[in-house]
Amino acid sequence: MGREGGGASGRGRCVAGPGACRRRPPVAGLGGLGLWLQPGMADSAQAQKLVYLVTGGCGFLGEHVVRMLLQQEPQLRELRIFDLHLGPWLEELKTGPVQVTAIQGDVTQAHEVAAAVAGAHVVIHTAGLVDVFGKTSPETIHEVNVQGTRNVIEACVQTGTRFLVYTSSMEVVGPNIKGQPFYRGNENTPYEAVHRHPYPCSKALAEQLVLEANGRKVLGGLPLVTCALRPTGIYGEGHQIMRDFYHQGLRLGGRLFRAIPASVEHGRVYVGNVAWMHVLVARELQHRAALMGGQVYFCYDNSPYKSYEDFNMEFLGPCGLRLVGTRPLLPYWLLLFLAALNVLLQWLLRPLLLYAPLLNPYTLAMANTTFTVSTDKARRHFGYEPLFSWEESRTRTIRWVQAVEGSAQ
Ligand SMILES: NC(=O)C1=CN([C@@H]2O[C@H](COP(=O)(O)OP(=O)(O)OC[C@H]3O[C@@H](n4cnc5c(N)ncnc54)[C@H](O)[C@@H]3O)[C@@H](O)[C@H]2O)C=CC1
Ligand SMILES: C[C@@H](CO)CCC[C@@H](C)[C@H]1CC[C@H]2[C@@H]3[C@H](O)CC4=CC(=O)CC[C@]4(C)[C@H]3CC[C@]12C
């Protein structure tokens, strides 16, 4: 089969700044948090011989990837978890049959990355700075997301690691600065990927580095095989922004006010399915290098197409919140004004405190522009089917929000 490229390649322009096999379903419920309980459930009948490294393994997605690998990857011998901040939950994983090695490190430090990568068969690089709220400088975002990724690639080349899976983002494609809709597109849909914000710029540059590294000779002379996964907006247990919306709703007396027209579709995907896709890609990359090497895949599942706010209400509604209004309560120009005001306030207050509200011109544009995917490339290339149905994803997320509610009281 020929290479699939073109259209939504994401090799766009940054116009500013530097800068199929279904196995056991994960066990539910960790101390009421709705996270997965059992570590090291890999099938002992198959040889455990592979060493995996997950960068950013303590983040929202990273933790799900780690737990999914332990549940669903029978070939796993050692799992290395590399993160700037290690979570206490890692301790519970260390009692299982797979050796779990926690490594506190910084992807911007090439020597730390090389030491962690040495001897690993597969690297899943999820570490990144996800900041669209102006909490971090553009330079730092670039340093972590681009230079960090460069360090991971070089470490693979220098130490002989052959398989690299990169967590990219839908944002490498769009929405673009013109706010053009991307309606149920796929990896080949033509779209002008032009960015200005540091986060999508950094993800696009990093993705490009990863894809260009496909085929490079690693130590020992064999070729590096890389690919990039592009999740849309991820939701599920541990999603900080969902938590923020929930608390905002509680502060507003159980109400959220509609700001985005219900007709604007925003792509969302359940974190468990994104994690499953990473596990599957990492496994199949080793068998289908010619087909999958250098490819990009949107992460998708059967979550419904809805506006960002209506989608959140699928979880927040059953937890007692109400979305007020069938249309946006404020006109767009006023929202834009408030968003710009927030930028000014952020700048004015910076010497005193970090003011980083959810609403700014970038997040408003994101939420206000249709961007949804409809593709089967992952199914065709490596047999991906979502592990969790929409109903299951929804139930798990609701249970988690309810647990957040419980722990807040
Ligand atoms: N959350 C979302 O909706 C989406 C996220 N992504 C991508 O998925 C990946 C994971 O994102 P999330 O889990 O949402 O973010 P997160 O912030 O929860 O996780 C990122 C992890 O990377 C670690 N990290 C940050 N800087 C580091 C450094 N210098 N060295 C080592 N580790 C470092 C953090 O400590 C954190 O544990 C990111 O690459 C992000 O760009 C892509 C699409 C959507
Ligand atoms: C105007 C507000 C009124 O309620 C709503 C603001 C919502 C925003 C905070 C979110 C809307 C779209 C989100 C982003 C999107 O899902 C794509 C993303 C991909 C990533 O790789 C990282 C996260 C994010 C940028 C995500 C962040 C939050 C939104 C901007």
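1. In this predicted model, the shell around ligand 2 draws at least two residues from each of α9 (308-316) and α11 (361-367), and α11 gives the most, with 4 residues. There are 17 residues around ligand 2, of which S169, G233, A259, T363 and A367 come nearest. Divided by class, this shell holds 12 nonpolar, 3 polar and 2 charged residues.

2. The surroundings of ligand 1 comprise 25 residues, and the closest are G56, G59, F60, L61 and G128. Three elements, namely α1 (60-72), α4 (138-159) and β10 (233-235), each supply at least two residues of that shell, with α1 giving the most, at 3 residues. The class count for the shell around ligand 1 is 11 nonpolar, 11 polar and 3 charged residues.

3. The sheet deserves a description of its own. An open sheet is formed by 7 strands, which follow one another in the order β4-β3-β2-β5-β6-β9-β13 with parallel pairing. Its edges are β4 (99-104) and β13 (295-299), each of which pairs on one side only. Averaged over the sheet, and with direction ignored, neighbouring strands are turned by 20° against each other.

4. Two of the helices that contribute to the shell around ligand 1 also pack on this sheet. Helix α1 touches β2 (50-55), β3 (76-83), β5 (122-125) and β6, and the direction of α1 makes about 170° with that of β3. Helix α4, for its part, touches β2, β5 and β6, and the direction of α4 makes about 180° with that of β5.

5. Two pairings can be followed to the level of individual residues. Strand β6 (residues 163-167) runs parallel to strand β9 (residues 225-231), and 5 bridges join them; within this pairing, Y166 stands opposite A228 in β9. Strand β9 also pairs with β13 in the parallel sense, over 5 bridges, and here the bridge partner of L229 is Y297 in β13.

6. How many residues of the edge strand β13 are buried? Although β13 pairs on one side only, the strand is mostly covered, with 5 of its 5 residues buried. In a regular strand, side chains alternate between the two faces of the sheet. In β13, Q295, Y297 and C299 point one way while V296 and F298 point the other way, and all of these are buried.

7. Within helix α4 lies V144, a residue worth inspecting in its own right. Is V144 buried or exposed? It counts as buried because it has 23 C-beta neighbours inside 10 Å, where the cut-off for a buried residue is 20 or more. Leaving aside neighbours within four places in sequence, V144 is in contact with V107, T108, G128 and L129, and G128 is also listed among the closest residues to ligand 1. The C-alpha atoms of V144 and A127 are 8.3 Å apart in space, while the two residues are 17 residues apart in sequence.

8. A final point concerns an annotation. The UniProt record, an unreviewed entry, carries the annotation "transmembrane region" for residues 329-349. Over residues 329-349 the chain of the model is 86% helix and 0% strand, and the end C-alpha atoms are 28 Å apart.

How values were computed: Residues are numbered from 1 along each chain as its sequence is written. Chains are lettered from A and ligands numbered from 1 in the order in which they are written. This is a predicted model: local features need pLDDT of at least 70, side-chain atom pairs count only at pLDDT 80 or more; totals for chains, interfaces and linings use all residues. A residue is near a molecule or strand if its C-beta atom, placed from the backbone, lies within 6 Å of it. Ala, Val, Leu, Ile, Met, Phe, Trp, Tyr, Cys and Pro count as nonpolar, Asp, Glu, Lys and Arg as charged, and the others, Gly among them, as polar. Two strands pair if DSSP finds at least two bridges between them. Axes are lines fitted to C-alpha atoms, for helices over the stretch in contact, and angles run from 0 to 180 degrees between N-to-C directions. Two residues are in contact if their C-beta atoms, placed from the backbone, lie within 7 Å. UniProt positions are given in the numbering used here, feature names are shortened, and annotations may be inferred rather than shown by experiment. A residue is buried if 20 or more other C-beta atoms lie within 10 Å of its own, exposed if 12 or fewer, and partly exposed in between; C-beta atoms are placed from the backbone.
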